[in-house]
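Thanks for coming. I will go through one structure today, starting with a single pair of side chains and working outwards. Please have a look at it first.

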Amino acid sequence: HQKQYLINGELKTWDGKTSEVYSTISSTDEYAPTLLGSIPDMEEKEALEALGAALKAFDKGKGAWPTMRVNERIECMELFVKKMQSKREEIVKLLMWEIGKSLPDSQKEFDRTVEYINDTIEDYKQLDRDAAKFEKNDGVYAHIRRGPLGVVLCLGPYNYPLNETFALLIPAIIMGNTTIFKPAKHGVLLITPLLEAFQSSFPKGVVNIVFGRGRAVAAPIMKTGKVDVLALIGNSKSANALQNQHPKSNRLRLVLGLEAKNPAIILPDADLDLTVDECIAGTLSFNGQRCTALKVIYVHEDIAEEFNKRFAKRVDALKFGNPWEEGVKLTPLPEPGKPAYIQELIDDAREKGARILNKKGGQHSENYIWPAILYPVNKDMRVYKEEQFGPVVPILTFKDIEEPLDDMAESNYGQQVSLFGKDVYAIAPLIDTLVNLVCRVNLNSSCQRGPDVYPFTGRKDSAQATLSVHDALRSFSVRTFVAFKDN
Ligand code: G3H
């Protein structure tokens, strides 16, 4: 079913141009990218067909889906999640091959997504129970509820092609919107086993799934001005480009999860064993390809030498291998150009005075570059300024806590921070400042998105709108009410 797509409730087989999907993982001992399949290379015509189907299904708010009773919509979603569960093995395998995610992490992504959908259903029921209540103020009764926004264009990222995509798509659908979804370039085939589940669980036109390049598919949809919500997790360049295509972009609701440069701040009294463990997980889980990854470390100068030594040693002891191998922590990078990009960051930092602290740092294989721990990093270096989204870790030292705080205030990003230290009297006032710079402060633990019931957002260029089971339902809807007088 690789060449199938879903428009207006019909599962069609594509007979036009296709794009081959390769894995950077070899299927033999010799290195060679593995051909996994091919996907439709759609153009404007199909994109507009999908938009037409979504508009028709919404039907200016009169459609069967936006007016459907809550329990019926829930039944559709329950059917979908049931069907999805039968595809676990196939999807986990594709996660490993397409994006190089380790077996335990791939299983976790699948299971976490199922849990996300089930929690969304429960939260939606609660929303409905709340809406059943009436309010009375100054003699005016109000029946307050939440209504859909219209047509949602949804684009997911390659690093969590299931979980983060569904964190947009599922709440958008359940709130009564109609959707067009285009998967990312990597992690695209794993959507195909779910096409039938989408088709048979929801009325026609509610979910339309198209494939192709963003410029060929998403841009023409935006240009029509008929999209009500742009839902995207990825980079701000793509988000801005798409937003600007919309002729009335001021009317467009944005639900965006974008870049971050989350810092770790290590205070002089930090427990170093715990801090090293958390910094390893924070910087290098899934090779650092997470928007929530720790992307810069600030360590107090008094403990820098000891921290650096322990951290660098631990990085070199990590196991690299194919995703299904026991105990692997570092896996092939899905983007063929990523090792060369990381190398550029390393070269730039070294030219400007940084050293690689770990012996294996920067060693290449065809589909990987060993994480390089760079120290001392300064603010002129590209690795400080850019969101590396890969295996390279910049370390800076500080004497006065104002230094990392000033950097965070000047940064274009503001998602999370990790703070390591023991003295509660030093930490408590710091938290009061940190929460004004980012949206989540992690004490003695690395940054992360989960559990998915917690708000996931960011300040500045890191996000627009809030995700999480609870908040996403609100991000994809608007409060409406019916009022009547007591007369
Ligand atoms: O890329 C960003 C993801 O939301 C990361 O999620 O922190 O749970 O790995 P995570």
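**Charged pairs, the ligand and the spaces**

Arg112 and Asp452 form a salt bridge through their side chains, at 2.8 Å from N to O; the term stands for a side-chain nitrogen of Lys or Arg within 4 Å of a carboxyl oxygen of Asp or Glu. The two partners come from distant parts of the chain, 340 residues apart: Arg112 is in helix H4, and Asp452 is in the loop between strand E21 (440-443) and strand E22 (459-460). Helices (H or I, at least four residues) and strands (E, at least two) are DSSP runs, numbered from the N terminus. Both Arg112 and Asp452 are buried, where buried means under 20% relative accessible area, exposed means over 50%, and partly exposed is in between, with a 1.4 Å probe and protein chains only.

A word on where this comes from. The model is predicted, so local features need pLDDT of at least 70 and side-chain atom pairs count only at pLDDT 80 or more, while totals for chains, interfaces and linings use all residues. Residues are numbered from 1 along each chain as its sequence is written, and side-chain values use heavy atoms, with hydrogens and water left out.

Back to the charged pairs. Side chains of opposite charge can pair when their charged atoms come close. How many salt bridges does the structure hold? The count is 22. One of them joins the side chains of Glu109 and Lys101, 2.6 Å from N to O. Glu109 counts as buried because its relative accessibility is 2%, and Lys101 is buried as well, at 2%.

Another salt bridge brings together the side chains of Lys295 and Glu387, with 2.9 Å from N to O. Lys295 is in strand E13 (residues 294-300) and Glu387 is in the loop between helix H12 (382-385) and strand E18 (392-398), so this pair ties together parts that are 92 residues apart in sequence. Lys295 has a relative accessible area of 1% and is buried; Glu387, at 19%, is buried too. There is also a network, in which salt bridges with shared partners join Asp273, Glu306, Lys309 and Arg310.

Next, the ligand. Which residues surround it? They are Arg112, Asn159, Tyr160, Glu164, Arg290, Cys291, Thr292, Gln448, Arg449, Gly450 and Phe456, taking a residue as near if one of its heavy atoms lies within 4 Å. Arg112, from the opening pair, is among them. The side chain of Arg290 has an N or O atom 2.9 Å from a ligand oxygen. Backbone atoms also come up here: an N or O atom of the Cys291 backbone is 2.8 Å from an oxygen of the ligand, and one of the Arg449 backbone is 2.7 Å from a ligand oxygen.

Gly450, also in that list, is joined to Pro451 by a cis peptide bond, with omega about -15 degrees. Pro451 is in the loop between E21 and E22. A second cis peptide bond runs from Tyr375 to Pro376, with omega near -10 degrees, and Pro376 is in the loop between strand E17 (372-375) and H12.

Now the spaces. On a 1 Å grid over the protein atoms alone, a cavity is a set of points where a 1.4 Å probe fits but cannot get out, and a pocket is an open set with protein on both sides within 12 Å along at least five of seven lines; lining residues have an atom within 4 Å of a point. Grid points are joined across faces, edges and corners, and a volume is the space filled by probe spheres set on the points.

The second largest pocket holds about 860 Å³. Its lining has 40 residues, with Asp105, Lys108, Ser285, Phe286 and Arg290 nearest the centre. Helix H4 (103-131), helix H5 (163-174) and helix H9 (272-284) each give two or more residues to that lining, and H4 gives the most, six.

There are three cavities of 30 Å³ or more, and the largest has a volume of about 50 Å³. Phe456, which we met beside the ligand, is one of the residues lining that largest cavity, and Ala465 is another.

Ala465 has a positive phi, near 80 degrees, without being a glycine. Ala465 is partly exposed, at 30% relative accessible area. Asn287 also has a positive phi, about 55 degrees, but Asn287 is buried at 0%.

Terms used. A polar contact is a pair of N or O atoms within 3.5 Å; within protein, one must be able to donate a hydrogen and the other to accept it, and residues adjacent in sequence count only if both atoms are side-chain atoms.
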